[in-house]
Amino acid sequence: MSDPLTAEQALKIAGVFKTSALAVGRFTIAHWQELSPAERKELNHNEWNLFHASEDFINRASEIELDGLEKSLKSIVSAAEKANRAVKNVTSVKKAVSIAASLVALADAMMSKSPGATARGLKRVYDELKA
Amino acid sequence: MKTNRETGALGFVLSLILLSGCVNLTGVREFARVSAESTGFQGISQDFVATLERRKVLESNGTAPDYESLLRKRREIKERLDASQQLLVDYLSALEALAANDLVIYNDELDAAEKSAAAANLSNALDLRKYRAAAGLMARCFTDIYRQRKLKNIIPAANGAVQESIEHLKTIVKEDYGLSIQNELDEIELYFGKITASAQERQTEGLTMLAVLALKDKRDDLKQKSATSRAYERVLNKISEGHADLTRNITKITTKEMRRQLASYAREIKSLYQALK
């Protein structure tokens, strides 16, 4: 089930909890002398819990953002696969041998001075590279 | 006569080379290489977990089950973030490999081609040494055209997703990690504020001074971490800008001007990345 919040909303909530934690902490320091040890402990505990809530919503914001990131990356993975396939095509020894053989045929055609044979030879070289 | 035929054939080959334009993809290669290296920076994802670990010592309930669950979730986020960055690195590395000029060495294949030419008595028409050189150049040119065509298809098709991915990554770095570091700074300030209040209450001025000094160190450390995240964000901005520029000018990727522009992106990314390490 997808998160009902957006990443932006989750981050805003994280910010609100952080502000509250800060307010509790500042209050504790400002009234340090007036507070009993038990009250200080209680306020500290509340402050930590508010910071935890803030971090919890930061986690949610990141998870939602990561969902979007992973979705976008699917196209990039496919682009990387295409590029790697192209690299393999160029580096394949078998292919290079075919290219070399087609070049021999092309040279032969060029020297026969036949435009038709040269065009066919060129096409063969191009097809070898494209395949 | 033989000389005329040789000249004609070689001229034809050279014309083909000029027409097709043996391409220079060094701009794309360098931009992709530097971008791949910088995108893989894991300092932010590591510190995204470490910020919570550092704070455990400040909190008496740092070992509480809810804190452990918070940390576990953050570690999962780190794993996903690292994996996502790696996919971007893989894409950029694939572009680098495809744009590499030394992608393939044809020596063995040219030996084979030379032998075939000799066997077919082509030496009557063309000197085998010259044939080998011409065949080598042609092989290089056809391969270059193929590589260029592939890059022209792949880069614009991936650009939208690259831009989106970088935006998501930047948000996590700037907003999520940024807020978490700010939380750490606030927690530390409050922690030292309480130590100082307690020291004043007990009239232990020395302790107050120690707290002030320790706080200064922690503040400097966290400011450095924030600066690192801003630098990484700038790296990502440059990569996004460079990739978009490459897409806009995809038909000109081998021109001198575009090579210069891509080299400039690579230099800026490299310099920003150096500051991160």
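**Notebook: a predicted two-chain model**

Entry 1. I began with one residue, B:Tyr232, in this predicted model. Leaving aside residues up to four places away in sequence, I found that B:Tyr232 touches B:Ser38, B:Thr39, B:Phe41, B:Ile44, B:Gln85, B:Leu169, B:Val173 and B:Leu276.

Entry 2. I then asked which residues touch the most other members of the largest nonpolar core. They are B:Val28, B:Tyr91, B:Leu151, B:Ile155, B:Tyr232 and B:Leu246, in a core of 75 residues. I noted next which helices each supply at least two residues of this core. From chain A they are helix 1 and helix 2 (37-91). From chain B they are helix 2 (26-39), helix 3 (43-56), helix 4 (65-98), helix 6 (128-201), helix 7 (205-248) and helix 8 (256-276). Helix 6 of chain B gives the largest share, 17 residues. I also recorded a second, separate core of eight residues, which includes A:Ala21, A:Leu35, A:Leu50 and A:Phe51.

Entry 3. I turned to a pair of helices. The axes of helix 2 of chain B and helix 7 of chain B come within 10 Å and cross at roughly 150°. Angles over 145 degrees count as roughly antiparallel, so helix 2 of chain B is roughly antiparallel to helix 7 of chain B. The crossing of helix 2 and helix 7 of chain B is left-handed. On the side of helix 2 of chain B, I listed B:Val28, B:Phe31, B:Ser35, B:Ser38 and B:Thr39 as making the contact. On the side of helix 7 of chain B, the contact is made by B:Tyr232, B:Val235, B:Lys238, B:Ile239, B:Gly242, B:His243 and B:Leu246.

Entry 4. I looked up the overall make-up of chain B. How many helices and strands does chain B have? I counted eight helices and zero strands. Of the 277 residues of chain B, 50% count as buried. Among contacts in chain B between residues at least 6 apart in sequence, 83% join residues at least 24 apart.

Entry 5. I closed with the confidence values. The predictor gives the complex an ipTM of 0.82 and a pTM of 0.80. Chain A has a mean pLDDT of 84, with 77% of its residues at 70 or more. Chain B averages 83, and 75% of its residues score at least 70. Among the elements of chain A, helix 1 (residues 7-30) has the highest mean pLDDT, 95, and helix 3 (residues 93-111) the lowest, 62. I remind myself that where pLDDT is low, the predicted coordinates should not be read in detail.

Technical notes. Residues numbered from 1 in each chain as written. Chains lettered and ligands numbered in written order. Predicted model: local features only at pLDDT ≥ 70, side-chain atom pairs only at ≥ 80, totals over all residues. Heavy atoms only, no water. pLDDT = per-residue confidence, 0-100. Helix = DSSP H or I, 4+ residues; strand = E, 2+ residues; numbered from the N terminus. Core = buried A, V, L, I, M, F, W, Y, C linked by side-chain atoms within 4.5 Å. Buried < 20%, exposed > 50% of the residue type's maximum accessible area, 1.4 Å probe, protein only. Contact = heavy atoms within 4.5 Å. Axes fitted to C-alpha atoms, helices over the stretch in contact; angles between N-to-C directions. Parallel < 35°, antiparallel > 145°, perpendicular 65-115°, else oblique. Left-handed = near helix turned anticlockwise from the far one by under 90°.
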